[in-house]
Amino acid sequence: MKSISQKIIMVSLLVITQISLHAQSYKLPEYTTFKLANGLTVFLMEQHDVPVISISALIPAGAINDEDKSGLASLTATALKHGTKNFTKANLDEELDFIGANVSTYASKEYSGLSSHFATKDKDKVLTIVKEVLLNPVFNASEFEKEKSRLLVRLEQQKESPQSVIGAYFESMLYGDHIYGNIITGTPATVSKLTVNDLDAFYKTNYNPDHAAISVVGDFNSKEMKASLTTLFSKWKKSVKEEESPASKAIVIPKESRVLLVNKEDAKETTFYIGAPGVSRNNPDYVAIEVVNTLFGGRFTSMLNDELRVNSGLTYGASSRFNALKNGGSFAISTFTAEKTTEPAIDKALEVLNKLHKNGIDEKSLASAKNYVKGQFPPRYETTEQQANLLTQMFWYDFDKSFINNFEKNVDDLDLAKANQIIAKYFPKDTLQFVMVGKADDIKNIAEKYGKVTEVEIKDGPKRGL
């Protein structure tokens, strides 16, 4: 029995060692890049292990382009699949369902995108559909009205869930008049005014190949795929004129601590964010920031979760994150608590943040965070879908394969002195911004303790520039 146990232990140790070595030696597979005459950038990565192909397309047509028509980018992206010049919506759905393929479209704050996953044998059919969806959409008025109605219902339902809307309130407050404050899904007030003609105009203005990218990862021949994509997408017309990104305007840094109090009259809990401006995605310290935040609030055994959940029982969970965009970003601590423990929970979160600044971190904690981050890294890029998305993300945020190939080394190179410099430089301490969603009559006095209070009603929904 003892011999068997020893063998099990030895095998387990061997497996753990192999996993560790694999994590620390992960490299991005080879890929090729080319550019069409219209400016479209294409990435091709062959992966022949499984007969499948994944596509990721990224177009600079996100919510930052909505202007005063919040929700327009999101509805336009959804409506790309409402039919094209050569496929009705029903035809699209039937064709994809029959072969077990998927094509989905979406909009984020900065860009819109398309993703697709399908069997290699169906590549010609799916590539044609992808081209149709991106280049030849027909915005059907009937389908648009149905989609708009569904969205308006969802927006109303979200008001019953503070955790569903608090992020939009926080970004609206933090970014002010900057277009990063645009709300991706829109608001009932803005969405209700949108028409199918708005979608058509948005598409014609923003869906252009220059500054766009398509990546294809999977089981194909690169030479043949290049020929196919060139034929399919060369007729995509580039924009008439070059314009500076609407997000390039500087983000105004708050000069004082503020509190946005969102009144939800029937609330029994207080949901809150504590945050500040963050960093852009291509910040040279991005990896170090990720490691330190993992320790502070980025995992279940983080400092925040230990103090607010495990040690004090003030919440079921607390976390922190850096939301990095192309030209800036945000940092936020987030959690929720019973109404009666609102003040202790906020004070505890601030105490943990202050402790991070005052005491820094030690070697043991840093080593734990580094191992955790390295262990989580390879699974992010295991599938063809993940790799296709990575290539377009690299394009958009302007970082190259060295970020992937040197990731583990950069994590390992982070020493204690540098980690504590990261805390001082990037983790906020003063002029914090608070958003609290709860019953205002019961928590307003508490809110006033943390900064100048602005009160709004959750029934009115978030809006840019709060």
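## Loops, sheets and helices in a predicted model

D398 sits in the loop that links α14 (384-397) to α15 (402-405). The model is predicted. D398 is not a glycine, yet its phi is positive, about 60°. Is D398 buried or exposed? Its relative accessibility is 60%, so D398 counts as exposed, the cut-off for that class being over 50%.

E67 also has a positive phi, near 55°, and is a residue other than glycine. Its place is the loop between β3 (52-59) and α2 (72-79). E67 has a relative accessible area of 65% and is therefore exposed. Most residues other than glycine have a negative phi.

**The sheet from β1 to β4**

Six strands make an open sheet. Their order is β1-β2-β6-β3-β5-β4, and the pairing is mixed. Which strands are at the edges? They are β1 (32-35) and β4 (102-107), each pairing on one side only. Neighbouring strands of this sheet are turned by 15° against each other on average, direction ignored. Helix α14 packs on the sheet. It touches β2, β3, β5 (112-119) and β6 (213-218). The direction of α14 makes about 155° with that of β6.

At the β1 edge, β1 and β2 (residues 41-46) are antiparallel and share four bridges. K35 has T41 of β2 as its bridge partner.

**The sheet from β9 to β12**

Another open sheet has six strands in the order β9-β10-β8-β11-β7-β12. Its pairing is mixed too. The edge strands are β9 and β12 (452-457), and each pairs on one side only. From one strand to the next, the twist averages 20°. Helix α11 (residues 303-311) packs on this sheet and touches β9 and β10. Its direction makes about 145° with that of β9.

Strands of a sheet pair through backbone hydrogen bonds, either parallel or antiparallel. The table lists three antiparallel pairs from the two sheets.

| Strand pair | Bridges | One bridge partner pair |
|---|---|---|
| β1 and β2 | four bridges | K35 and T41 |
| β8 and β11 | five bridges | G275 and Q433 |
| β9 and β10 | seven bridges | S319 and S334 |

Strand β8 covers residues 269-277, and β11 covers residues 433-438. The two run antiparallel.

Strand β10 spans residues 329-338 and pairs with β9 in the antiparallel sense. The two form a hairpin with four residues between them.

In a regular strand the side chains alternate between the two faces of the sheet. Strand β9 (residues 318-324) shows this alternation. A318, S320, F322 and A324 point to one face and are buried. S319, R321 and N323 point to the other face and are not buried. S319, from that second group, has S334 of β10 as its bridge partner.

**Two helices and the glycines after them**

Helix α6 (residues 162-175) has 14 residues. Its first and last C-alpha atoms are 20 Å apart, close to the 20 Å expected at 1.5 Å a residue. How many residues of α6 are buried? Ten of the 14 are, and the helix is mostly covered. Those buried residues are P162, V165, I166, Y169, F170, E171, S172, M173, L174 and Y175. G176 follows α6 and has a positive phi, near 60°.

Helix α12 (residues 342-359) has 18 residues. At 1.5 Å a residue, they should span 26 Å, and the end C-alpha atoms are 26 Å apart, so the two values agree. The buried residues of α12 are T342, A345, I346, K348, A349, L350, V352, L353 and L356. Just after α12, G360 has a positive phi of about 65°.

**A helix crossing**

Two packed helices are described by the angle between their axes and the distance between the axes. Helix α10 (residues 286-298) packs against helix α17 (residues 416-426) at about 90°. Their axes are 10 Å apart. The angle makes α10 roughly perpendicular to α17, because the range for that term is 65 to 115 degrees.

Which residues make the contact? From α10 come A288, I289 and V292. From α17 come A419, I422, I423 and Y426. By class, the contact has seven nonpolar residues, no polar ones and no charged ones.

Methods:
Residues are numbered from 1 along each chain as its sequence is written. This is a predicted model: local features need pLDDT of at least 70, side-chain atom pairs count only at pLDDT 80 or more; totals for chains, interfaces and linings use all residues. Side-chain values use heavy atoms; hydrogens and water are left out. The expected span of a helix is 1.5 Å times one less than its number of residues. Buried means under 20% relative accessible area, exposed over 50%, partly exposed in between (1.4 Å probe, protein chains only). Two strands pair if DSSP finds at least two bridges between them. Axes are lines fitted to C-alpha atoms, for helices over the stretch in contact, and angles run from 0 to 180 degrees between N-to-C directions. Angles under 35 degrees count as roughly parallel, over 145 as roughly antiparallel, 65 to 115 as roughly perpendicular and the rest as oblique. Contact means heavy atoms within 4.5 Å. Ala, Val, Leu, Ile, Met, Phe, Trp, Tyr, Cys and Pro count as nonpolar, Asp, Glu, Lys and Arg as charged, and the others, Gly among them, as polar.
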